[in-house]
Every structure is written in structure tokens, then in C-alpha cells.
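This report introduces selected local features of the structure shown below. It treats a surface patch, a sheet and some backbone details in turn.

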Amino acid sequence: VLGDDFIPPMLDFHAIVPGTSLRALEKSLAIIVNGDGDENNDDNKKSIPQDLFRDFSNAVIESLTGLPFLDFLVSDECSRMRAYLRHTAPFLNVPLDQVVAQIVTGRAGATNESHRSNAQNYLLYVLVYLVGLTDPEEVGETDDVVDVEKEKRSRVEDAAASICAAIFIQRNLLPAIEEYKRPKPAANNANDQETTQALWNAFEQFWELFLSPSVGSLETTSMSAETTAKVQLLRSDLEQMCAPCRRRGASAAQKREMVVTPQISDSLIVHRLQQLAENLLYDYAVIRHSKFRAHKIHEWMCQEAMSCMDDGSPKDEDGQQKEETSDSLIPTFPTDCIKRLLRKSSFPKGVSVHKPYRSVTAQNNTKLDLDTQLQPQDCTAECALVFGINTKEEYSLMISSPTQQSKDIQRYLCESLSNEPNNGLSPEEIPPTLEGYATVPNSGIQFQQAFHEYNNSTYRSDDGWELALLSFKVPRAEEGDVDSSLYGVSLVLMRSDNAMSANSTGASSPPKTIETSNMPGSESEIDEEQLVIPTRVEKTTGNSEVAFEGSVEAGDLHRVVRMDADCALFNSKLQEKPSWSNQLATTNAMVGLAFVSRQNAIPSMRAAMSHLVSDFSSHRSGSDKRSLWCTGLAEFLGNFSHTNVESEVLKQFVQPYLKQSLKPWLERPFGAQQEHFENQAGEQLIQNLPPIPMALMFLTALMEQKMVITGSRRSVLLSATTALSEMLKPLKWCHLMVPRVPSNLAGDLLQYPAPFILGMPAQDPGILELIRELPDDVTLVDLDVGRVILASTFATEDLSRGTPKNETTARALRTQVLSLAQCLGNVFGSSIDPSSWSCDRLLFDEAENDLTNVRARFPALKAACHDFLQELLAGATSCCYWIEESRPSSDQTNTTNEMTILFDEDRFFRIKDARQKHPFMPLLSPSGEGTKLAMGMDKFNLILEVFLRCQSMNAYIGTSDPREMIFAL
């Protein structure tokens, strides 16, 4: 045989037969064909020596009786081959029509539950085979699911589309039509609307999953010419019937209900759906099913079924023989058979395995139920803490914060603010690292005096104290997927010797009057010396309030905090000399008060802290100029450093301010504070980052790269991370996120191997040095300058399509990110500030030309991010196959039923390409605007490949609704 049509011999005799025997055979064959030259000798043309094939026969016998042949005889392949030929055990001949019938009728409960479970498990074996199918496939000899690395093979895309579409039609679509046609009571409008909506959803899902000419899976699967014609005919009919729904206008919804719905449920459409389902099943049976029966996965299925059988009878878990109640030919499968199948299977490139977050979803639902039970008054501070410099060994609880650069920072007191001991955050739940997030380093007060009014980190009082009001978030170990972080607000008072000396020459004159918000009209003339008289705590049965008592003439003016608690020891310690601040005269003094809550109650807690400072320390002089004198407040908080002082004093001191700050939120729904804080955080981020750098930060977080956010304002760091988390929804950042990193942990966290988002205050000691020497794979976001410095090296350890991991790929990925950030930045700019970003184009809308039209910018930015992510995630659920072993309700085993999602990455990339080239047209609704933001594989293939490997995408797939997937039983 010549040329490309050369066929290798089944048995090569050149290696096992002597050359002389081969030459003799060749000579004899030549004589037969051509003769020996003697035309009169006819016998020479027909006769062959009798012993000519003796050597060949002996060579074949020796070869078949050797070790290789003996190994084959005892192998599983030989056993399977014999079984296939004889149709005896362990081969099981399962009728496909019975499997489909049990699955389709089982949804309505019209079948035996055990048989339905066995049929579903059998179909899962078929599905795993089809999803992992490759070309070429060596039937029966090698397993192209387990041994995919033995030979490079291309995956057969959408091989499971035909059987999945047939089952969807019979299991979902036809029952929805039947339910819609079923007569209903005239007064039951709600039920009628529900069945109509279910019909629309079924047709819309069928269109997107299977029938759409751009993204439907039936476009790429192998079908017969007859089936292809039926697909095209049904598609044409549906497009023509649903055309009124696709036009934009107020009447589209009305036409869908009055005109389109009766047409798509017509008997002609039902008949064509039934015919299409039959043809799709027939195509699968002819094209795929015979090869499945010769595949290793089918052998595994037979082995699992045989383990449940004894003499042809199924057994229960105790080994007792079960009674057969029907003549079903579907075998019984043991528990965890699908789990063992998936553990033995490995899939080719283009298919990824994900675990559903079903338990996490239950936790989220529990948290949601808890949130709905809470009232607005519950969204407030749950604990109050006082911390500061340690003055004496016998003082304080001696809880040293390991995150502080100074070991002298101690926790004086932690008090629960809940009236119910078993309800709320307990002091024991407050981590010892909290002070590291709630304090300000002493370096923060070293600010030039001429500009101290413009210091954006602290506020300087008239008696030399620096005040900082910080919002912070303390990360804690998450319970499943539920965020268990603590939210807090801290008031930090600091004083140093140089601050006092500078203030002595530049401070304003002492105030002549004292004003308190809780006591309107209570003003008294005082001398300068009386400004620093320590506060006295008085037990009373009246309302808790701060007031001034005494006579100026008598010189006994003093501040009184009225409360119900016994406070004798606290007052005694408060009157001791020297005072707390005088003990620290030779060193830097620092004391702080923090409110902590499990809910994001930062707005009300900040308001409470501001009311407290204003009420306790704010004074108005004769010139009506407000001044701040904080020594009394510092002494009051510092008094908690004494051991065994009444802790109830702190609770009753802060509760009036917390109640006052909560009043604006009482008439609003629970969660209003969190929404307000998120919007406020977003506005702060917009003010600090231009649109294009913001888009670059957004894409860096979307691709789960390492990021450091820096700035001199510590609370803005929390705002930036909060706003970024909101921009990423419905995705979630699944890695380390610390809005503010304590300075002594920053160096270690920068070496964290996994992705992270770290907030680093620029004024903390050593932070600037770390920022100058950031690793190459870390992106820097500078909120003070308003810029983003993209990492020079992007993480490309695991690209989904096997793209080579080298410097060329990394540079190409970085280029794609910069290009997409430019495009997305224009979208962000047009959303948040159209008057600036759209000034070079024609504006036909009067509202766009109105420069006085001010919109809420962060909601507009979130909407732009949502549109982009909605387009990015479009079609993701249609690439998912839900694999869950079916068990009858009578199964009493205690083993966990594992669920798995097989994700078709090849289909996902094809959908992205199709939506970028041809806008997706829904069946029953007008096309949206999302396809304007579509990304194709020609320009952004590396970004899409990296995105598929992100943990956020894995979580999104794991939390998807199985009812929206291409296969779920």
C-alpha cells in the first residue's frame, strides 16, 4: 500500500520469522503472480510448497503463548471484552428508554422512588462520560478521562447537549405548558400569574441554554440532518411568535401576555417540541451511547451495580436480599457510587470541577433571617473599650496588644453595653489585637504648628491634646462564608511635651463660658484654673447627663456625670494626686475610647463620639468662638486604668450619647446605617481616585492580584476597601483584606503568598520604606496622590486553557489590563461625572446638558460596575452541570451526599466571543445594554482565562442556582 493510505500490518512477521523464510515466501508469491519464465509449465503458477508457512505458524503460536498474551488474558480489558461479546456479568444492558422515562415521569411522582434514583445515577455516569469526551477516542482500550495525558486529544464540545436538551424539554418545558393550559378558578389570579411566569422562564431558559443561534449549545453539537432541520424550524417559529416582545416600548409586556404566550403554548409548538426531544434522544443513542457502553466509565458503573447484587438480586445495607417490586432493568447502585466515580475521573482541559456552597448558602440564609429579626435600635455599639498608656504595674487589665509598636499600650477596660448578658457581643470576643487598629502612632502628632488646623489625621485642642476619630474594621476568622469582622469607631487623645510647649505660646485665650448640649442655657463665668478641675461622678436616680455645678464666686465649679451606678471607688481614684495625665508629664500620653459592634453601625457610633466630645470638652468663649479643652475627658478616661474601678460607670457614661445618635435611624429599616456608610465610603473613594485609576484598581481586585492601598487618612482606607467590595458585587473578595494594617505586621503581610488587599497608613512608622520597596507582584493605590501603580508582574500560575506561563504571557496580560482599564475608566467617568467626561460629544438629552443636575455618584458607579460584571458573568450558569447522587428517602445511611459542579470553560469562552460579535437577543424580552461591555477572546483572552481561575468566580459558580444550569436533576 502506497502513500498516505499506508495501513500498518496487524502482525509484523519481519521481527519474528527468519529472513530465509520471508524470501522463500516472496519468491513463491512472485512465481504465482508472474510465473517462472516457462510459459508451458502451468503448475508453477498455482503450486506453493506445503511447508512454506511452517515458520510463520510456529512464530504466531510462540507469540500468542508468551507473557504479553498471558497478561492480556488475566487483564480487566479481556474480561470486559468477553463480557461485551456474551452480554453476561459484569456487563449490564440498561435500556436507555426506561432511564429517560423514569427521570421524566419521576418529577411528577408517578414512578417508584428507588427506580427513579437509580435512573438518575445511571444518567450521571453518562453525563460524566460526555462532558469529558475527547477526540480521537480509543473505544474499550484506554480511558480518555483517566489517561488524558497519554495523548494530546481535543475535547468534544457540547457532547452532552442533545441528551440534556431532550430531558429539559420533557422534564421542564412540556410540564410548564401543560400546567399553563390546565383550567384554573376564575378568582385565582395569583396562581394564574405564577404559572404564566413559570412558562416564560422555562422558554427563556430553553432559548438561552440550547436554541439561541449565538449562544445555544445545540449549535455546536453533532446532530443528524433531520434533527438539525427540526431545530431550525422550531427556532424560526419561536422568533416569529416572540418578535413583538423583543421590540422596545410600553406595550411589549402586554403583547407578551396577550398575544405571545397563547402562541408558544399552542399544540403545534408542543408537537414540535415532542418531536425534537425524540430526535435528540435518537441522535444520542446512535452517535454516543454505543461508545459509552464500550467505555471504562460504563465498566465502573457495572462494577458498582454488581457490588449490590447477589445471584442477580439487589441487597440492602445489611446484606439482606431486597424484594423486587417491578421488572425494571435499571440496576441498583450502592451509596456514594457517584462520589467514587468523580474521584477516579480527571477531566481534560476545558472542564473544571467546583464544589457547591450549599452549606454556606444555608449559613447566609440564617444570617439573613437573623438580620430580618433585628430592629434598627439593635444596630449600635455593643461594647465599649478604654485603652491607653500604662502608668503603673498595678494598673489596668494588662492586656498588651501585639500589633502595637509600643508595648506600653494597654487595655484598661472592656465593658458590654447590652442589657441582656447572653445577647450581644461579649468582652471575651474582642480580640487582643483591636488596639492595633484603633490607635494612632505618636508620630501622627508631629505636625508643623502653622498648619495644624489643616492636619487631616488629627485635631488639636486648645490645651495641647491631639484628637483623632477613626473608623476601623477588625478581621476575624470567618464562620464559613459569613463575615464575622468587627466594626468600630475610636476616639484617641494624645499629648506630647513638644505639643504642650508649642501650644503654650500659640493657644487661644481661655474660654469665659462653658456650654453643654444636655443642659441648654447652663453657662457660667469661670477662671482659667477651673478649666482643668477633674470630673466628679455622682450617683443619682435621674437621667444620665453631663452638667456643671457649683458657684464661680465660691471657686467650686466642677463637672458632674449623673448615673445610677455606684461609683465611690471611681470618684476616690479620680481625686487622687497626681492625676493620670500628670503622672505622664515626662512622656507621651495617650488614652482612647472605642465603640465596637458586629453590625456596621459606624455612622451612629461616629455621631455618638462627636456628641460626647462636644458635650464634654467643647466650650464657647465670649467672642462666640468654639474651643476644645480635653484634659477633663482625658482624666476621666485615664481613671479607668485603675484596677477594680466600677466598670458600670463607662456603660452609663456612653449610653446617653449612643441613644441620642441612634434617633435618626429608628424610623429607617435595619441596615440603613450600613448602606449610608457604603455610599459615603464610595463618595470618598471617588473624591480620591480619578475614573481610570479607579478602573485599574477595580480590575486588579477582580483578577485577585495583590494590592496595597495607602494614604495619610486612616478612615479613608476603610472607605476605599468598603467601596471596592461593593463595586465587586455580586462577586466577593475571598482572600485576605485588612483595611488598616498595624505597622509592625505590614512587612510580614507583604510576603503573604496568596492575594491580599492591605491598607497601610502612610504616616505609620516604617510604612513609607515598605512602600518604596514593594514586591514586583504588588499593585500600589495611592489615595493621597490619586494614582495606581500597576504591578510589573502579574500572577499567571494557572491559566485555564493551558496558555504557556512565561514573561511574554505576563507582559501581554498586563497590556490587556491597561487597555481594558482605559475603556472601563471612560465608562466610570461618564457615569459619575458626565458633564466632564462627555464634554467632547453631542448631548441630545436635556438632562445631560443641565450642569446643575447633580446625581449621587457612587450609586451610578456601582451601576456601571454591575453592568460590566453582569456581562462578564453572562452565560456562566449555562455552562454548569450539577452532579449530585440521587438517594431515595428510605436511605438511612449517615454519609454526606457530596455535590459537584462541572464547569464547561470552552462553552464559556465561546459565549464571550459570541456576545462580543453578535448582541444576545433574549426570547421574550428586549435586548439589554449589557452587550456593549462584552469582552471578546481576540483582545482580552488572558484576562478571561485568569478570571476563570479566581476564587471569586469559583464561589459564584458554587452558589449558583441549580435550576438555571444546563443540567440538574
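F72 is found in helix α3 of this predicted model. With a relative accessible area of 32%, F72 is partly exposed, because that class lies between under 20% for buried and over 50% for exposed. F72 also belongs to a nonpolar surface patch of about 530 Å². The other members of this patch are L64, L67, F69, L70 and L73. Helix α3, which spans residues 67–73, makes the greatest contribution to the patch, with five residues.

**The sheet**

Elsewhere in the chain, five strands form an open sheet with mixed pairing. Their order across the sheet is β19-β20-β18-β21-β22. At the edges are β19 (736–738) and β22 (787–789), each of which pairs on one side only. From one strand to the next, the twist averages 20°. In general, the strands of a sheet are paired through backbone hydrogen bonds, in either a parallel or an antiparallel manner.

Within this sheet, strand β18 (residues 706–711) and strand β21 (residues 778–782) run parallel and are joined by five bridges. As one point of reference, M707 stands opposite T779 in β21.

**Backbone details**

Most peptide bonds are trans, and most residues other than glycine have a negative phi. Where does the chain contain a cis peptide bond? The bond from K729 to P730 is cis, with omega near 15°. P730 is placed in the loop between α25 (714–728) and β19, and β19 is one of the edge strands of the sheet described above.

Two residues with a positive phi, neither of them a glycine, are D336 and N644. Their values are set out below.

| Residue | Phi | Relative accessible area |
|---|---|---|
| D336 | about 70° | 11% |
| N644 | near 70° | 66% |

Is D336 buried or exposed? D336 is buried, because its relative accessible area of 11% falls under the 20% limit. D336 is located in the loop between β4 (313–314) and α14 (337–344).

N644, by contrast, is exposed, because its relative accessible area of 66% is over the 50% limit. N644 lies in the loop between α21 (631–638) and α22 (648–662). Thus D336 and N644 are each found in a loop, with D336 buried and N644 exposed.

Notes:
Residues numbered from 1 in each chain as written. Predicted model: local features only at pLDDT ≥ 70, side-chain atom pairs only at ≥ 80, totals over all residues. Heavy atoms only, no water. Patch = residues over 30% accessible without salt bridge, like charges linked within 9 Å, V, L, I, M, F, W, Y side chains within 5 Å. Areas by Shrake-Rupley, 256 points an atom, 1.4 Å probe, with all protein chains shown as cover. Salt bridge = Lys/Arg side-chain N within 4 Å of Asp/Glu carboxyl O. Helix = DSSP H or I, 4+ residues; strand = E, 2+ residues; numbered from the N terminus. Buried < 20%, exposed > 50% of the residue type's maximum accessible area, 1.4 Å probe, protein only. Pairing = 2+ DSSP bridges. Axes fitted to C-alpha atoms, helices over the stretch in contact; angles between N-to-C directions.
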